[in-house]
Amino acid sequence: MQAKQSLTLLAGLAITILAMTANATTRDYDAAWREYTASQTAREPAYTFPYATCFRVAALEYDLPESLLLAVARGESDFEATARSRANAHGVMQILWPGTAKHLGIHRLSDLYDPCTNIDAGARYLRELLDLYNGNVHLALAAYNYGPGRIARDGGIIPSGAAWYSGYIFRHLNYVLGDTTNGPGVPDTLYSSIGQSTLLTFGEPYRAAAFVDLLESESPDLNLDWFRRGTGEFEVVLTYADRAEFDDAARRLERSGFRLD
């Protein structure tokens, strides 16, 4: 259940978003990931996600939390097996071709479009990065996004283009675990049955995040998320279980000063 909607913005919204971007405070995602590693890795996913068996097998094979793999997959491709980015990354886990793929023993581009092969490769690469960074998920994710050659093993100064990714995946982890404003999900609920409606598209991740923060501050009960798409753009989406929930969200948005057309 997916639909595209346009969001009519009232006067002053663009200035508000820019101001929020400039004044945004950065959460300590290194600490957040350490807390997750210490106490939450055994938690079960809140929904039944695509390719669930492939994720479960890969998590066991590489001694990784299933929820972490699911969070990376949701942030990278939203589980789209044929996803391709402008950076030439492919499949569910967005494996870079040819460099990372061949490093992982994949020598045919077409193999990256097999979901289980791709998930296995992504899990193997993430395991390799976690070992390289002594189990530090924050640094391993920065390297997954930016390449290990650009992320110092002691952390150092992480480039902003890599640092945002850790927080981005942490947000998707919250969804995977059901830690959202709408409360826990139901494990038997198919993820594919959850509707998505695109509100706005941004050219920078910081502005997408700021827009979500703005909407959530105005209407905390909205179920919002944002995704990096293959075009390099960042989409803010509203998620909903059915038409009634969508209509309720639309009314909440309108009361906050935004209108879905």
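Two strands are said to pair if DSSP finds at least two bridges between them, and with that in mind the tour of this predicted model can begin at a pair of strands.

**Stop one: a strand pair.** Select strand E5 (195-202) together with strand E7 (234-240), and you will have two strands that pair in the antiparallel sense over seven bridges. To look at one of these contacts, pick Gln196, whose bridge partner in E7 is Thr239. Now show the rest of the model around E5: seven of the eight residues of E5 are buried, so this strand is largely enclosed by the rest of the structure.

**Stop two: a helix.** Next select helix H9 (205-218), which has 14 residues and reaches 20 Å from its first C-alpha to its last, close to the 20 Å expected at 1.5 Å a residue. Colour Pro205, Ala208, Ala210, Phe211, Val212, Leu214 and Leu215, since these are the buried residues of H9.

**Stop three: the largest pocket.** Select Glu76, Gln94, Arg228, Arg229 and Gly230, which lie nearest the centre of the largest pocket among the 48 residues that line it. The volume of this pocket is about 1,100 Å³. The elements that each give two or more residues to its lining include E5, H9 and E7, which you have already visited, along with strand E1 (2-4) and helix H8 (160-177). If you colour the lining by class, you will find 20 nonpolar, 18 polar and 10 charged residues.

**Stop four: backbone details.** Most residues other than glycine have a negative phi, and most peptide bonds are trans, and the last three places to select depart from that general pattern.

- Go to the loop between strand E4 (95-96) and helix H5 (99-103), where Pro98 lies, and look at the peptide bond from Trp97 to Pro98, which is cis, with omega near 0 degrees.
- Move to Tyr51, in the loop between helix H2 (29-39) and helix H3 (52-61), where phi is positive, at about 60 degrees, although the residue is not a glycine. Is Tyr51 buried, partly exposed or exposed? Because buried means under 20% relative accessible area and exposed means over 50%, the value of 30% for Tyr51 makes this residue partly exposed.
- Finish at Asn88, in the loop between helix H4 (66-77) and strand E3 (89-90), where phi is near 75 degrees, again a positive value in a residue other than glycine.

Methods. Residues are numbered from 1 along each chain as its sequence is written. This is a predicted model: local features need pLDDT of at least 70, side-chain atom pairs count only at pLDDT 80 or more; totals for chains, interfaces and linings use all residues. Side-chain values use heavy atoms; hydrogens and water are left out. Helices (H or I, at least four residues) and strands (E, at least two) are DSSP runs, numbered from the N terminus. Buried means under 20% relative accessible area, exposed over 50%, partly exposed in between (1.4 Å probe, protein chains only). On a 1 Å grid over the protein atoms alone, a cavity is a set of points where a 1.4 Å probe fits but cannot get out, and a pocket is an open set with protein on both sides within 12 Å along at least five of seven lines; lining residues have an atom within 4 Å of a point. Grid points are joined across faces, edges and corners, and a volume is the space filled by probe spheres set on the points. Ala, Val, Leu, Ile, Met, Phe, Trp, Tyr, Cys and Pro count as nonpolar, Asp, Glu, Lys and Arg as charged, and the others, Gly among them, as polar. The expected span of a helix is 1.5 Å times one less than its number of residues.
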